[in-house]
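Please read the following account alongside the coordinates, moving from the sheets to the helices that cover them and then to a few local details.

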Amino acid sequence: MTVGHHMDDVDSSTSLSPFPKQQQQNSSLSTTQFDSPMAADPESSGGPPPLRRRAPRCVLLLRHPPHFTLIDRPLPDGFRFLKPWESPLPFDDFLASDDVRSAEAILTSQGVPVTADMLRRLPAVRLVLTTSAGLNHIDLAECRRRGVAVAGAGEVYSEEVADLAIGLLIDVLRKVSAGDRYVRRGSWSSEGEFALGSKLGGKRAGVVGLGRIGLEVAKRLEAFGCTVSYNSRKKKPYVLYPFYSDVRELATNCDVLVICCGLNEQTHHMINREVLLALGKEGVIVNIGRGSIIDEKEMVQLLVQGELGGAGLDVFENEPKVPEELLALDNVVLSPHTAVFTTESLSELCDLVVGNLEAFFSDKPLLSPVLDE
């Protein structure tokens, strides 16, 4: 199976769209913004002329960013956030209101889509800002067509996600979680020695999607003594790892497959039954991309039948629902889509959101523009 057109994990080299020209440039982005002073009245008492307040710039907030909530950080001052969940209006009517139609930016996160219809109904919008590492919830083609800039999480999450990928892999191979359960239920004293695990060093590891996160995963795999190869939309001229244009061929030549690419039409169920069978009975798959990149039903069946060696999964097709069959398997480690969530990454992400909004409304370059190869 050839995968020549899938998106790496938010990795890129050319602009998705030119940064939009603002019709009015701000001179300040503090909480209170002002127009130019009015001319002083010569008959006045000689005090400074009054200043005219400028209304804060409007940002449509599709949901309260959980990142701010989790670290107990308030939304930034200086912007007017339009919150549909606080309105008595149905969502469609809310979008049609004058206030919302004046919004120049949308702030969203994974699970709350920004559709072509929404963008058509909000003609003033010139920026879509997401707190998510993935972009499958944004209609990028419509953004390009309308000249709407897109900003993402940049490299904020890369190290955290890569760390968890390696953690899941070590857990599966060394049976850390399975061993923990074995001890807790008293099996060590009643049943004796625990099953053997397998070391990470020396494994042939394949990375699917060699973008920002994929490169961090590859770097860690190398440090553990693995040989690394990869599959991506195209060969990366700046890396020396062996490149496979066909993901099935990559799986055939690997003991471990780590999924780091983005989800789109090309990557949906890209990891199918044939790829998983090519990975083999001793092979382990780790997914920190999106659940639907793997054909989950086929993966579950192969794991139950012993045709696949193990899996470390942070993402699933129908979150938060997880196939019940996986719950009973000691060769599977499950994580509730938390790869990006550390105190450090959330604090940095909140700073990035504020920085992008300030840059946009002062007609400066975005801090983390989404780029598209």
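Two strands are taken to pair if DSSP finds at least two bridges between them, and the helices (H or I, at least four residues) and strands (E, at least two) are themselves DSSP runs, numbered from the N terminus. This is a predicted model, in which local features need pLDDT of at least 70 and side-chain atom pairs count only at pLDDT 80 or more, while totals for chains, interfaces and linings use all residues. Residues are numbered from 1 along each chain as its sequence is written, and side-chain values use heavy atoms, with hydrogens and water left out.

With the definition of pairing in hand, one can begin at β12 (residues 310-313), which is joined to β13 by three bridges, the two strands running parallel; Leu 313 has Leu 334 in β13 as its bridge partner. Both strands belong to an open sheet of six strands, ordered β9-β8-β10-β11-β12-β13, with parallel pairing. At its edges stand β9 and β13 (332-334), each of which pairs on one side only, and the twist from one strand to the next averages 15°. Helix α6 packs on this sheet, touching β10 (256-259), β11 (284-287), β12 and β13 (contact means heavy atoms within 4.5 Å). The direction of α6 makes about 150° with that of β11, where axes are lines fitted to C-alpha atoms, for helices over the stretch in contact, and angles run from 0 to 180 degrees between N-to-C directions.

A further sheet is also open and parallel in its pairing, with five strands in the order β4-β3-β5-β6-β7. Here β4 (79-82) and β7 (149-151) are the edge strands, each with a single partner strand, so one side of each is left without a neighbour in the sheet. Neighbouring strands of this sheet are turned by 25° against each other on average, direction ignored. Within it, three bridges join β6 (residues 127-130) to β7 in parallel fashion, and Val 128 stands opposite Val 150 in β7. Helix α14 (residues 343-361) packs on this sheet, touching β3 (57-61), β4, β5 (105-108), β6 and β7, and its direction makes about 170° with that of β6.

Returning to α6 (residues 158-174), its axis comes within 8 Å of that of helix α9 (residues 212-223), and the two cross at roughly 45°. The helices α6 and α9 are therefore oblique to each other, given that angles under 35 degrees count as roughly parallel, over 145 as roughly antiparallel, 65 to 115 as roughly perpendicular and the rest as oblique. Among the residues that meet in this contact are Val 161, Ile 166 and Leu 169 in α6 and Ile 213, Val 217 and Leu 221 in α9.

Some local details remain. The structure holds five aromatic pairs (rings of Phe, Tyr and Trp, the last by its six-membered ring, with centres within 6.5 Å). One of them, Tyr 230 with Phe 243, is tilted, at 5.2 Å centre to centre and 50° between the planes; planes under 30 degrees apart count as stacked, over 60 as edge-to-face and the rest as tilted. This pair links distant parts of the chain, with Tyr 230 in strand β9 (residues 227-231) and Phe 243, 13 residues apart, in the loop between β9 and α10 (247-252).

In the loop between β12 and α13 (324-327) lies Pro 320, and the peptide bond from Glu 319 to Pro 320 is cis, with omega near 5°. The loop between β10 and α11 (273-279) contains His 269, which has a positive phi of about 55° although it is not a glycine.
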